Amino acid sequence: MTFPKTIQIGVLLITLTTLGGCAPKERVLGNLYEGVQMQNRQAAPPNGEAQAPTPGYDEYLRQRREVVQEAGPNKATP
């Protein structure tokens with residue numbers, strides 16, 4: 001017995017979603033960050049100006065940790 005293509009596609013999507021849910025949070029967030037950066041590069045106007053390369057996700061995390069540590073929970077803003 002063969003399944004209709006719609007059922008096969010549905011089962012494939014459910015399987016991929018389930019397997020994708022097992023990915024580590026850092027990997028998912030890193031892929032999202034890189035995807036947004038790629039989309040921004042593609043959406044840049046083609047006027048010939050070269051954009052400065054954007055930092056990778058690891059650099060973003062390092063900078064974010066520095067900012068969070070500087071703010072710290074004990075430092076209240078007046």
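1. Leu29 has its place in helix α2, and in this predicted model that residue serves as the starting point for the notes that follow. With a relative accessibility of 33%, Leu29 counts as partly exposed, because the partly exposed class covers values that are neither under 20% nor over 50%. Computed along the chain in residues, Leu29 and Tyr57 are 28 apart in sequence, yet their C-alpha atoms are 8.5 Å apart in space.

2. Val28 is also found in helix α2, which covers residues 25–43, and Val28 is partly exposed as well, with a relative accessible area of 37%. Together with Leu32, the residues Val28 and Leu29 form a nonpolar patch on the surface, and the accessible area of these three residues together is about 240 Å². Val28 and Leu29 can belong to such a patch because its members need over 30% relative accessible area, and the values are 37% for Val28 and 33% for Leu29.

3. Turning to the aromatic residues, the count comes to three aromatic pairs in the model. In one of them, the rings of Tyr33 and Tyr57 have centres 5.5 Å apart and planes at 55°, so this pair is tilted. Tyr33 lies in helix α2 whereas Tyr57 lies in helix α3, so the pair ties together parts of the chain that are 24 residues apart in sequence.

4. Are Tyr33 and Tyr57 buried or exposed? Both Tyr33 and Tyr57 are buried, and with Tyr60 they form one aromatic cluster. For the protein as a whole, buried residues make up 6% of the 78 residues, and Tyr33 and Tyr57 are among the buried ones.

5. As to the overall architecture, the secondary structure comes to three helices and zero strands, and the pattern read along the sequence is α-α-α. The accessible surface of the protein comes to about 7200 Å², and 62% of that surface belongs to carbon and sulfur atoms.

6. On confidence, the protein averages a pLDDT of 76, and 77% of the residues score at least 70. Confidence is lowest in helix α1 (residues 5–20), where the mean is 75, and highest in helix α3 (residues 57–71), where the mean is 87. Tyr57, which takes part in the tilted pair with Tyr33, lies in helix α3, the helix with the highest confidence.

Terms used: Residues are numbered from 1 along each chain as its sequence is written. This is a predicted model: local features need pLDDT of at least 70, side-chain atom pairs count only at pLDDT 80 or more; totals for chains, interfaces and linings use all residues. Side-chain values use heavy atoms; hydrogens and water are left out. Patches are made of residues with over 30% relative accessible area and no salt bridge: like charges are joined within 9 Å, nonpolar side chains (Val, Leu, Ile, Met, Phe, Trp, Tyr) within 5 Å. Accessible areas come from the Shrake-Rupley method with a 1.4 Å probe; for residues, only the protein chains shown count as cover. A salt bridge is a side-chain nitrogen of Lys or Arg within 4 Å of a carboxyl oxygen of Asp or Glu. Helices (H or I, at least four residues) and strands (E, at least two) are DSSP runs, numbered from the N terminus. Buried means under 20% relative accessible area, exposed over 50%, partly exposed in between (1.4 Å probe, protein chains only). pLDDT is the predictor's confidence in each residue, from 0 to 100. Rings of Phe, Tyr and Trp (its six-membered ring) pair if their centres lie within 6.5 Å; planes under 30 degrees apart count as stacked, over 60 as edge-to-face and the rest as tilted.
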